[in-house]
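Visitor: I am new to this structure. Please show me how to read it, one feature at a time.

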Amino acid sequence: MKTRIAVLISGSGSNMQSLAHACRGADFPAKVELVISNNPKAKGIGIADAMGLKTCVINHREFEQRKEFEQQLDIKLRNNRIELVCLAGFMRVLSPFFVQKWQGRLLNIHPSLLPKFRGLNTHEQALKAKEKIHGCTVHEVVNELDSGPILGQAEVPVLPEDTPASLAQRVLAAEHKLYPQVLREFCANL
Ligand code: GRF
């Protein structure tokens with residue numbers, strides 16, 4: 001049986017697309033059952049619709065409290081019998097209320113070689129630190145931001161002429177390979 005996964009996005013959704021593409025493989029151990037965006041304008045929702053995936057928007061702005069938003073998220077996931085949640089460019093910090101419910105079944109991709117460069121603007125941070133190697137990390141989500149057990153990493157070189165945008169593009173290409181690889185392994189071991 002394939003693991004029933006949900007992918008949570010906020011923007012362009014290219015990682016969601018690469019996960020969904022991988023999941024179409026007959027021998028891939030997971031299936032994307034639901035794509036949720038907190039942002040009604042996320043480009044990724046259109047991509048997911050076009051791929052024939054079930055989508056839904058839970059707009060965080062419609063809730064006064066973070067907990068209410070997360071409650072809706074949790075209900076939606078449970079109603080769809082989701083077993084594993086993959087954050088993919090999901091730009092809301094999840095509070096302990098949600099994280100504790102899903103701990104061990106909640107993955108994230110972060111555009112740096114953690115524990116280096118937590119938070120935002122990781123490519124700027126890497127350039128500023130004059131790193132020669134940068135990359136991305138898939139990790140389990142725990143209460144502390146961009147922490148949690150590391151499940152896989154991919155490295156890319158930093159070139160002398162790089163800008164944050166060119167570096168982001170190289171890292172993103174690595175993300176698209178890494179996330180499905182890690183998901184495959186994670187689900188195979190569930
Ligand atoms: C990725 O670099 C991801 O690691 C970061 O935000 C970006 C999202 O890209 N958290 P996309 O929405 O998957 O295209």
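Guide: Start with the ligand. Around the ligand are Ser12, Gly13, Ser14, Asn15, Gly89, Ile109, Pro111, Leu172 and Glu175. A residue is near a molecule if one of its heavy atoms lies within 4 Å of it. This is a predicted model: local features need pLDDT of at least 70, side-chain atom pairs count only at pLDDT 80 or more, and totals for chains, interfaces and linings use all residues. Residues are numbered from 1 along each chain as its sequence is written, and side-chain values use heavy atoms, with hydrogens and water left out.

Visitor: Into which groups do the residues of the shell around the ligand divide?

Guide: Ala, Val, Leu, Ile, Met, Phe, Trp, Tyr, Cys and Pro count as nonpolar; Asp, Glu, Lys and Arg count as charged; the others, Gly among them, count as polar. Here the shell has three nonpolar, five polar and one charged residue.

Visitor: Which helices each supply at least two residues of that shell?

Guide: Helices (H or I, at least four residues) and strands (E, at least two) are DSSP runs, numbered from the N terminus. Helix H1 (14-23) and helix H6 (164-188) each supply at least two shell residues.

Visitor: How do I read a polar contact to the ligand?

Guide: Look for a pair of N or O atoms within 3.5 Å; within protein, one must be able to donate a hydrogen and the other to accept it, and residues adjacent in sequence count only if both atoms are side-chain atoms. Take Ser14: an N or O atom of its side chain is 2.5 Å from a ligand oxygen. For the side chain of Ser12, the distance to a ligand oxygen is 2.7 Å. Asn15 uses its backbone: an N or O atom there lies 2.9 Å from an oxygen of the ligand.

Visitor: How much of the ligand's accessible area does the protein cover?

Guide: The areas come from the Shrake-Rupley method with a 1.4 Å probe; for residues, only the protein chains shown count as cover. On its own, the ligand has 370 Å² of accessible area, and the protein covers 82% of it.

Visitor: Let us move to the backbone. Which peptide bond is cis, with omega near 15°?

Guide: The bond from Leu114 to Pro115. Pro115 is in the loop between strand S5 (106-110) and helix H5 (122-128).

Visitor: Where does Phe117 lie, and what is its phi?

Guide: Phe117 lies in the loop between S5 and H5. Its phi is near 55°, a positive value in a residue other than glycine. Asn121 also has a positive phi, about 55°, although Asn121 is not a glycine. Asn121 too lies in the loop between S5 and H5.

Visitor: Is Phe117 buried or exposed?

Guide: Buried means under 20% relative accessible area, exposed over 50%, and partly exposed in between (1.4 Å probe, protein chains only). Phe117 counts as buried because its relative accessibility is 14%. Gly25, in the loop between H1 and strand S2 (30-37), has 26%, so Gly25 is partly exposed.

Visitor: What about Glu140 and Asp74?

Guide: Glu140 lies in strand S6 (residues 133-140). Its relative accessible area is 16%, so Glu140 is buried. Asp74 lies in helix H3 (residues 66-79). Asp74 is buried because its relative accessible area is 7%.

Visitor: How far apart in space are Glu140 and Pro160?

Guide: Their C-alpha atoms are 32 Å apart, with the two positions 20 residues apart in sequence numbering. For Asp74 and Met16, 58 residues apart in sequence, the C-alpha distance is 19 Å.
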